[in-house]
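Biologist: I'm new to reading structures, and I'd love a close look at one part. Could you walk me through the aromatic rings and what surrounds them?

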Amino acid sequence: MGLFLWGYQMKDITHELPSHYNQARIYILSDLHLGSAHHDKQTREQFFEEVQAEDNRYLIVNGDIINNAIKHSKSDIYSETINPDEAVSKTVELLEPVKDKILVIIDGNHEDRTYRESGISIMKFVAMQLWIEDLYAEPAYKLFVSLGKNQGRDCRKTCYAIYGKHGNGGARTEGGKMNYLSRMSHTTDADVYVHSHTHIPAAFRKSYFMSDYRNKKSTKKDRLFVNSNAFMLFGGYGEKKGYAPSSTQYPYIVLEGEHRLARAMI
């Protein structure tokens, strides 16, 4: 678990999950904003309880884990409940019990504030503290996750490609936010695309016809797009700017082991 190669714009990471898993759940931890006065502690605790409840549940750490209010940022340094140094320590504390479940760990734009000021990557430091530095990626990643025994392929494992990044975009409408997620498929082919940042839990499918050169035919393929939630209560910067409150319900991805099917649950 955790073998990897560097790509030009993304990091390829391979995970071989057990062959006796008929199914795996992958949760997305993003936009936790530790340190914010509006951080939703109750939902966070529920989330970690679910991740730890079963062995076949895994975790993508997708950025903006700390709020990281600094002098030149939009966040209000005077309203923070803990400072950035304490938030980093809290992050290590939260992730320590689930570090063997982490598939990848990346920075978000809030952690990038420190990188732009000092060249220090916060989530890389967190990964080093957890001894999973090989799972740190920047700016994007592609996970190759294999599990189960595919009954249609001589009982070999079923492999999925998951392309993800923290994301970007300041769109106010739901459609605008989903456009950022949808455009991820312009970069690379994958079974699942994971985007965060826009604080709206959502999932949808798109299809396309791929060229099967060996059999000289077109084959229809589905792709799953998942946008993760934020662990934030309403108020503060969002309310000041006139943003609507967003749901804190977190989606998770289900990968089937006996046949190829990826789906999202919200």
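Which residues do ring pairs link into a cluster?

Modeller: Happy to help! Keep in mind that this is a predicted model. The cluster you ask about is made of Tyr27, Phe47, Phe48, Phe231, Tyr250 and Tyr252, linked by ring pairs.

One member of that cluster, Phe47, also leads us to Ile28, because Phe47 is among the residues within 4.5 Å that count as contacts of Ile28. Ile28 lies in strand β3, which covers residues 23–29. This isoleucine has a relative accessible area of 0%, so Ile28 is buried. Leaving aside neighbours within four places in sequence, Ile28 is in contact with Phe47, Ile60, Asn62, Val194, Ser196, Val226, Ser228, Pro251 and Ile253. Take Ile60 from that list: Ile28 and Ile60 are 32 residues apart in sequence, yet their C-alpha atoms are 4.8 Å apart in space.

Now let's step back to the rings. The structure holds 10 aromatic pairs. In one of them, the ring centres of Tyr163 and Tyr193 are 6.2 Å apart and the planes stand at 80 degrees; because an angle over 60 degrees counts as edge-to-face, that is what we call this pair. Tyr163 belongs to strand β7 (residues 156–165) and Tyr193 to strand β8 (residues 192–195), so the pair ties together parts that are 30 residues apart in sequence. Both tyrosines, Tyr163 and Tyr193, are buried.

Phe204 and Phe225 also form an aromatic pair, and this one is stacked, with 5.0 Å from centre to centre and 10 degrees between the planes. Here, too, distant parts of the chain are linked: Phe204 sits in strand β9 (residues 202–212) and Phe225 in strand β10 (residues 217–227), 21 residues apart. Phe225 has 0% relative accessibility, so this ring's residue counts as buried. Phe204 has 23%, so Phe204 counts as partly exposed; buried would need a value under 20%.

Rings can also have a charge for company. The charged end of Arg183 sits over the ring of Tyr180, 5.0 Å from the ring centre. Likewise, the charged end of Arg260 sits over the ring of Tyr160, at 5.1 Å from the centre.

Finally, a word on confidence. The protein chain averages a pLDDT of 88, and 87% of the residues score at least 70. Over residues 4–8, however, the pLDDT is below 50, and this stretch has seven contacts in the model beyond near neighbours in sequence. Where pLDDT is low, the predicted coordinates should not be read in detail.

How values were computed
Residues numbered from 1 in each chain as written. Predicted model: local features only at pLDDT ≥ 70, side-chain atom pairs only at ≥ 80, totals over all residues. Heavy atoms only, no water. Phe/Tyr/Trp six-rings, centres within 6.5 Å; stacked < 30°, edge-to-face > 60°. Helix = DSSP H or I, 4+ residues; strand = E, 2+ residues; numbered from the N terminus. Buried < 20%, exposed > 50% of the residue type's maximum accessible area, 1.4 Å probe, protein only. Lys NZ or Arg CZ within 6 Å of the ring centre and 35° of its normal. pLDDT = per-residue confidence, 0-100.
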